[in-house]
Amino acid sequence: MPATDAERPTAPRVHTHSVRIWDLPTRLFHWLLAASVVGLVVSGNIGGNVMPVHALLGQAVLTLVLFRLVWGFVGGHWSRFTTFLPTPHRLQAYWQSLRRPASHQHVGHNPLGALSIVAMLLILLMQVGSGMISDDEIAFTGPWAVLAPSAWVSWATSYHKTWGKTLLLGLVALHLLAILFHRLRHRHNLVPAMLHGNQEVMPGTPSTHDNLGQRVLALVILLGCGALVRWLVAFGN
Ligand code: HEM
Ligand code: HEM
């Protein structure tokens, strides 16, 4: 079976050239998401007067995740789900390539990374969803807590504070360890591409679409997702 775009091997330092892999909306999504999650963990642990900030950051995360789900269909080539969803064939090919350190450089998300990204997005949605009906039994309740039966509120609060938090922090730790693993084992630093968008690849590797039109489209989608989240939050108020 011929190699897909994402599996095309790239020989380091031989005839490679720099190509835009991560479009600006994907990069902004990533760093805004990472900053918001850090802010949520800190504000959640402080509690008290900081909880309104926690709720706002939670809405920001929901907006960002909804944006990313839409962007997975209309975003640049390497940001689309079709280029990185972890199919069994892609997982198997990647697994075999792991035995050949430095011989195979992956373009875009590798299938194992993609698996952890999908898990992170799902766990984030569950964390926001459970937060929406959580109650700290002091002064703060999520906006939908009044709409839910009390048994759901106590289950959601308990999930939010224990399993949800632990799963999310575990996935983030795994994410960072995987990046370190790539750096040490494959001598490939994935971080710069998530900052400036470009990666050294073999000629013929398609670049992602990252022009003004795409960026305006991303902004419109983001604003639409933000409006939807505001509308959803208003249900309980
Ligand atoms: C709470 C913290 C973080 C979260 C929730 C998070 C989440 C994610 C997500 C969802 C993606 C997929 C991006 C997309 O396609 O839209 C991703 C990719 C990536 N993240 Fe993070 N991230 C976090 C922190 C970091 C940090 C601190 C770094 C840098 C050290 C980092 C480096 C990367 C890189 C390099 C990729 C691309 C990986 C690849 O090439 O396949 N992330 N992250
Ligand atoms: C990805 C999004 C979120 C993350 C990562 C997150 C994280 C956290 C963390 C770490 C705590 C502290 C848990 C502890 O005491 O150990 C917390 C508490 C809490 N969060 Fe969130 N949260 C998120 C979204 C939300 C949202 C959207 C709401 C509602 C607007 C919310 C409402 C609450 C409430 C009410 C508590 C206090 C629970 C208690 O102390 O009984 N969270 N959150």
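## Two ligand shells and helix 1 in a predicted model

Ligand 1 is surrounded by 19 residues, of which A34, V37, H109, L190 and M194 are the closest. The model is predicted. Its protein chain contains eight helices and two strands, and 29% of its 237 residues are buried.

**Ligand 1**

- Helix 1 (24-46), helix 5 (111-132), helix 6 (150-185) and helix 7 (191-196) each contribute at least two residues to the shell around ligand 1.
- Helix 1 provides the largest share of that shell, with seven residues.
- By class, the shell around ligand 1 consists of 12 nonpolar residues, six polar residues and one charged residue.
- V37, one of the closest residues to ligand 1, is also among the buried residues of helix 1.

**Ligand 2**

- Around ligand 2 there are 25 residues, and those that come nearest are G44, A55, G58, G131 and G142.
- Two or more residues of this shell come from each of helix 1, helix 2 (51-74), helix 5 and helix 6.
- The shell around ligand 2 has 11 nonpolar and 11 polar residues, together with three charged ones.
- G44, one of the residues nearest to ligand 2, is buried in helix 1.

**Helix 1**

- The 23 residues of helix 1 should span 33 Å at 1.5 Å a residue, and the C-alpha atoms at its ends are 33 Å apart, so the expected and modelled spans agree.
- The buried positions of helix 1 are P25, T26, F29, S36, V37, L40, S43 and G44.
- These buried residues pack against helix 2 and helix 8 (212-234).
- Residues three or four places apart on an α-helix point the same way, because there are 3.6 residues a turn.
- After helix 1 comes G47, which has a positive phi near 65°.

**F84**

- F84 belongs to helix 3 (residues 81-84).
- F84 counts as buried because 23 other C-beta atoms lie within 10 Å, where the cut-off is 20 or more.
- F84 and A227 are 143 residues apart along the chain, and their C-alpha atoms are separated by 29 Å.

**The chain as a whole**

- In sequence order, the elements of the protein chain follow the pattern β-α-α-α-α-α-α-α-β-α.
- The C-alpha trace spans about 60 × 40 × 30 Å along its principal axes.
- Of the contacts between residues at least 6 apart in sequence, 76% join residues at least 24 apart.

How values were computed: Residues numbered from 1 in each chain as written. Chains lettered and ligands numbered in written order. Predicted model: local features only at pLDDT ≥ 70, side-chain atom pairs only at ≥ 80, totals over all residues. Near = placed C-beta within 6 Å. Helix = DSSP H or I, 4+ residues; strand = E, 2+ residues; numbered from the N terminus. Nonpolar A, V, L, I, M, F, W, Y, C, P; charged D, E, K, R; others polar. Expected span 1.5 Å × (residues − 1). Buried ≥ 20, exposed ≤ 12 C-beta atoms within 10 Å, placed from the backbone. Contact = placed C-beta atoms within 7 Å.
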